[in-house]
Amino acid sequence: LVHDKYFTVTMPCPNIEEAVIEFSRIDGQVSRALKSINNQDTQPLTLEERLEILYNVYNMDASMPLRREVEVGSKVIKTLDLKSLNAAGVSTKDVIAPPSFEFKRDFFKMGEVLGRSMFVENFPNFIKTSLLTDISDLPANLLVTVHFRSMRQDQAIKLVRNQTTNIAANVVAAQKQASKGGYSTDLISPELQKAQDEARKLMEDITTRNQKLFFVTLVVTHFAMDMETLNNNTKTMESIMQKNLCQARTLNYLQENGLNSSLPLGVNRLKVERLNTTESASVFIPFSVQEWKEKHGFYYGVNAVSRNMILYNRKKGINYNGVILGTPGSGKSFSSKREIVNALLSTDDEIYIIDPENEYLPLVEELGGEVVRIAVGGKTFINPFDMDIEYADQDDPVTLKSDFICAICDIVIGGIYGLSPIQKSVIDRCVRKVYQPYLNEIKRRRDSGVMTTGDPSIAPTMQDFHKLLLSQPEEEAKQIALALEIYTTGSLNTFAKRTNVNTKNRLVAYDIKDIGSGMKVLGLQICLDSIWNRMISNKRKMRPICSHSMRLPLSTYSRFTNVPVSGSEFLRL
């Protein structure tokens, strides 16, 4: 279902010139008010756009749009050209009019389309905010129109005062009658007491809470191609109104007025009005929901209130990141996969997946992506010491890399207190020493004219770092080296060798399912660092912003956020 919403403003003006000035002022007020709701600019409709709206209403069975371009020989002629129409003596009514009109008692026929206009009466004291949403969810062509006619504040105060006086007179009469009957004067009917309380509250709203009074008319015109469907839609509309404690009535012998009142022209041909305050009238305003329908946006579901599709381009937002939360089986992985497919097919972004459960493997293979399987005893290696000299942008790359290596050692050594200051100093010293030959070689190449910023084939490894730790005089260095031994020369040496993965594919999945429970967190850190190196390379090549997707284990997400959840998907553009 596609919902089009229009806001029409009418006012009495003595001439066109003053009307133009007043409408220009109101356009600015309306635009600012709507922008505060949906953060989008609004512009007045042009004459051609207004005519097209009316044409679409009058000619629902037409196969051709009103505004189109037709090639006649070597010329391109517009079907809606106001100057040509005027020269030919044809009015705009001739252009937008349907083949015929035929108005009956409780329905009308417009060309080959049947329609029925209804109005809503007997509004309850409490109106649900979902009333218009329930009406617009009817699977049919609908015109749902709400007319607001404001009352001047002085007239509203006078009206409420008169009503309060009438109620007070009725109360006095009831008290006198109770006194004559020998009853207490405090015993008056509940209906009268309720009316008196409501009148006092209404007066307070108008005088102290800046509330205004509006006459509200709600008209619904629905269309169908046959009488059976039209009657079924009418019954459905009546049941919707009953659910919302309202009553929908067919406009008998007033179908033409009902159709004209439903058009977005701001003309109310019906005298069926209900008096509402600002708060109660605001229930009927359909612009209270923020809609997201951006160009090149991805599908993110349906708006829970308006039922419109959510098409959002996260690259245009302040923060590109996203988190998908939900219970098991609610569709987190499916949403993540859907966004991966959308990004791969409609953008030039590179997509990286860290997959601890091997659930993205079939999708990556079908899309022609590359799977990097990291497992204990495997043949695929990622070196955590790979570093681009632009790793830290304008800062010292070794300093940032030293912090990363400290984080890895902290994971390896463990303990509730983490690394001691002495251990951090030793690690920082060894990191700087182990990178010195690498930086010298990169500098030598750049001085010789080879503009390179990194080379994984000559980068230091975890084994080089381990040997350097053993050569340090401090006892703390020996402890760190002993803790790293299983990851360098032991059975868990997956990250102790140089990188042998060449991730040139746009879609890359890091499969860490078989990495072992003892290396899950370590593997996650190293994979993220490898992706960060690729992002630095893409930035230098002026590649589009990368898109990452990874599935966080429950324990990892809860540890990072201190939020107990049943599962999550993390998406980062």
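These legends go with a set of close-up views of a predicted model.

**View 1. The whole chain, before zooming in.** Start with the overall tally for this predicted protein: 18 helices and 17 strands. Of its 573 residues, 38% are buried. Contacts that span a long stretch of sequence are a big part of the picture: among contacts with a separation of 6 or more, 70% involve residues 24 or more positions apart.

**View 2. Strand β7, covered on both faces.** This close-up follows strand β7, residues 213–224. Here 12 of the 12 residues are buried, so the strand is largely enclosed by the rest of the structure. One side carries Leu213, Phe215, Thr217, Val219, Thr221 and Phe223, and the other carries Phe214, Val216, Leu218, Val220, His222 and Ala224, with every one of these residues buried.

**View 3. The strands that pair with β7.** Which strand is joined to β7 by 10 bridges? That is β6, residues 141–150, and the two run antiparallel. Look for Ser150 of the chain here, whose bridge partner in β7 is Phe214. Strand β5 (residues 113–121) also runs antiparallel to β7, with 6 bridges between them; there, Phe119 stands opposite Val219 of β7. Then there is β9, residues 274–277, which is antiparallel to β7 as well and is joined to β7 by 4 bridges. On that side of the pairing, Phe215 has Leu275 in β9 as its bridge partner.

**View 4. The largest nonpolar core.** Now for the core with 46 residues, the largest nonpolar one in the model. The members that touch the most others are Ile374, Ile405, Ile427, Phe465, Leu469 and Tyr510. At least two residues apiece come from β13 (351–355), α13 (397–413), α14 (421–447), α15 (462–470), α16 (475–488), β15 and α17 (520–540). Helix α14 gives this core its largest share, 8 residues.

**View 5. Leu469 and its neighbours.** Zoom in on Leu469, one of the residues that touch the most other members of the largest nonpolar core. Leaving aside residues up to four places away in sequence, Leu469 touches Val426, Cys430, Ala477, Ile480, Ala481 and Leu484. Apart from this core lies another, of 20 residues, including Leu131, Phe214, Ile240 and Ala281.

**View 6. The cavity beside Tyr510.** How many cavities of 30 Å³ or more turn up? The count is 1. The largest cavity holds about 40 Å³ of space. Its lining consists of Asp355, Asn358, Tyr360, Leu361, Val371, Ala509, Tyr510 and Asp511. Sorted by class, that makes 5 nonpolar, 1 polar and 2 charged residues. Strand β15 (residues 507–511) supplies the largest share of the lining, 3 residues. Tyr510 should look familiar: this lining residue is also among the members of the largest nonpolar core that touch the most others.

**View 7. Leu245, out in a loop.** The last stop is Leu245, in the loop between α8 (227–243) and β8 (247–250). Is this leucine buried or exposed? Leu245 is exposed, because its relative accessible area is 57%, and exposed means over 50%. Not counting residues up to four places away in sequence, Leu245 touches Asn122 and Pro124. Leu245 and Asn122 are 123 residues apart along the chain, yet their C-alpha atoms are separated by 8.2 Å.

Note on methods. Residues numbered from 1 in each chain as written. Predicted model: local features only at pLDDT ≥ 70, side-chain atom pairs only at ≥ 80, totals over all residues. Heavy atoms only, no water. 1 Å grid on protein atoms, 1.4 Å probe; cavity = no way out; pocket = protein on both sides within 12 Å on 5 of 7 lines; lining within 4 Å. Points joined across faces, edges and corners; volume = space filled by probe spheres on them. Nonpolar A, V, L, I, M, F, W, Y, C, P; charged D, E, K, R; others polar. Core = buried A, V, L, I, M, F, W, Y, C linked by side-chain atoms within 4.5 Å. Buried < 20%, exposed > 50% of the residue type's maximum accessible area, 1.4 Å probe, protein only. Contact = heavy atoms within 4.5 Å. Pairing = 2+ DSSP bridges.
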